[in-house]
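Subject: Structure handed over, with notes

Dear colleague,

Please find below the structure I said I would pass on to you. My notes on it come after the display.

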Amino acid sequence: RPWGYAGGQPGRRTELVINEGSDRELRPTVVDVIALRPGDTVTLLTAGAGGYGHPFERDLAAVRHDVIRGKVTTAGAASDYGVVIAEDGTVDVQATEALRMSGACPSGMGPEREWWDEIFSPDLYDRMVSALFARDDLLRHERKREVIDPVLELLPAGFPRTRPRAAERSAATRLFSTLVRELVSEVEAQGER
């Protein structure tokens, strides 16, 4: 997902839909080769941009205006912006304040990125990249795959769209740490020669 900035929420992820709304609808998460038949439709919904600024800080009147224009539903106003729109179309200020104080709005770069960072911690990932670039090596990408691929093999097929179980996270995190440590040691040893 495209990340948000300054507290903004991540955008939606890209989706591929085949035969949307029919009894043959298919929403593949990984696309390789998909045989289509005459009359099939293919819809590509591209990722939306990440937001700017925390949505719970958005002006109440602006959210209400978006609801009136049909850009946001009343349910979306509550879940996405923490703004409760009453049946008469006005902002229920008291309910809005309570909802916004609850902290119900998710933040961050999206669950997929958070799950990725649980396994591939940014600090260790940076160490891996530094070690790869410390080498005058045309095989940098292959070396990176030698570190990343064994870790991915320990994770569910849908990762990072699927959150790994605790045991999978633990094993993958340990393996990534070990492989990065080995890579750094190897690069340091080569530098001493």
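What follows is an account of what was found, taken topic by topic.

Please keep in mind throughout that this is a predicted model.

I begin with helix H6, which covers residues 140–152 and holds 13 residues. At 1.5 Å a residue, a helix of that many residues should span 18 Å, and the end C-alpha atoms of H6 are indeed 18 Å apart, so the expected and computed values agree. The helix nevertheless bends by about 25° at Glu146, and a proline, Pro150, follows within four residues of that point. The residues of H6 that are buried are Arg143, Val147, Ile148 and Val151.

H6 also carries a salt bridge of its own, in which the side chains of Arg145 and Asp149 meet at 2.6 Å, N to O. These two residues are four apart in helix H6, which means that about one helical turn separates them. Arg145, with a relative accessible area of 29%, counts as partly exposed, and Asp149 is likewise partly exposed, with a relative accessible area of 30%. Elsewhere, salt bridges that share partners join Glu15, Glu20, Glu25 and Arg27 into one network.

For the structure as a whole, the search finds 15 salt bridges. Side chains of opposite charge can pair when their charged atoms come close. One of the pairs is formed by Arg163 and Glu118, whose closest N and O atoms are 2.6 Å apart. This pair links distant parts of the chain, since Arg163 lies in the loop between H6 and H7 while Glu118 belongs to helix H4 (residues 111–119), and the two are 45 residues apart. Glu118 also forms a salt bridge with Arg169, where the closest N and O atoms are 3.7 Å apart. Here too the pair links distant parts of the chain, with Arg169 in helix H7, Glu118 in helix H4, and their positions 51 residues apart. As for their accessibility, Arg163 is partly exposed at 38%, Glu118 is partly exposed at 31%, and Arg169 is partly exposed at 22%.

Some points of backbone geometry deserve a look when you open the model. Most residues other than glycine have a negative phi, and most peptide bonds are trans. Against that background, the peptide bond from Phe159 to Pro160 is cis, with omega near 5°, and Pro160 lies in the loop between H6 and helix H7 (166–192). Ala6, in the segment before strand S1 (15–18), has a positive phi, near 55°. Asn19, which is placed in the loop between S1 and strand S2 (42–45), has a positive phi as well, near 60°. Which of the categories buried, partly exposed and exposed applies to Ala6, and which to Asn19? Ala6 has a relative accessibility of 48% and therefore counts as partly exposed, whereas Asn19 has a relative accessible area of 8% and is therefore buried.

Turning to contacts, Met109 lies in the loop between helix H3 (93–101) and H4 and is partly exposed, with a relative accessible area of 31%. Its C-alpha atom is separated by 4.9 Å from that of Trp3, although Met109 and Trp3 are 106 residues apart along the chain. When neighbours within four places in sequence are left aside, Met109 is in contact with Trp3, Pro10 and Glu114.

Thr96, which lies in helix H3, is buried, because its relative accessible area is 2%, under the 20% cut-off. Not counting residues up to four places away in sequence, Thr96 touches Leu60, Gly82, Val83, Val84 and Val91.

Finally, on the surface, Leu26, Val31, Ile34, Leu36 and Val42 form a nonpolar patch, and together these residues have about 400 Å² of accessible area. Among them, Val31 lies in the loop between S1 and S2.

With best wishes

Technical notes
Residues numbered from 1 in each chain as written. Predicted model: local features only at pLDDT ≥ 70, side-chain atom pairs only at ≥ 80, totals over all residues. Heavy atoms only, no water. Expected span 1.5 Å × (residues − 1). Bend = angle between axes of the 7 residues up to and from the residue. Buried < 20%, exposed > 50% of the residue type's maximum accessible area, 1.4 Å probe, protein only. Salt bridge = Lys/Arg side-chain N within 4 Å of Asp/Glu carboxyl O. Contact = heavy atoms within 4.5 Å. Patch = residues over 30% accessible without salt bridge, like charges linked within 9 Å, V, L, I, M, F, W, Y side chains within 5 Å. Areas by Shrake-Rupley, 256 points an atom, 1.4 Å probe, with all protein chains shown as cover.
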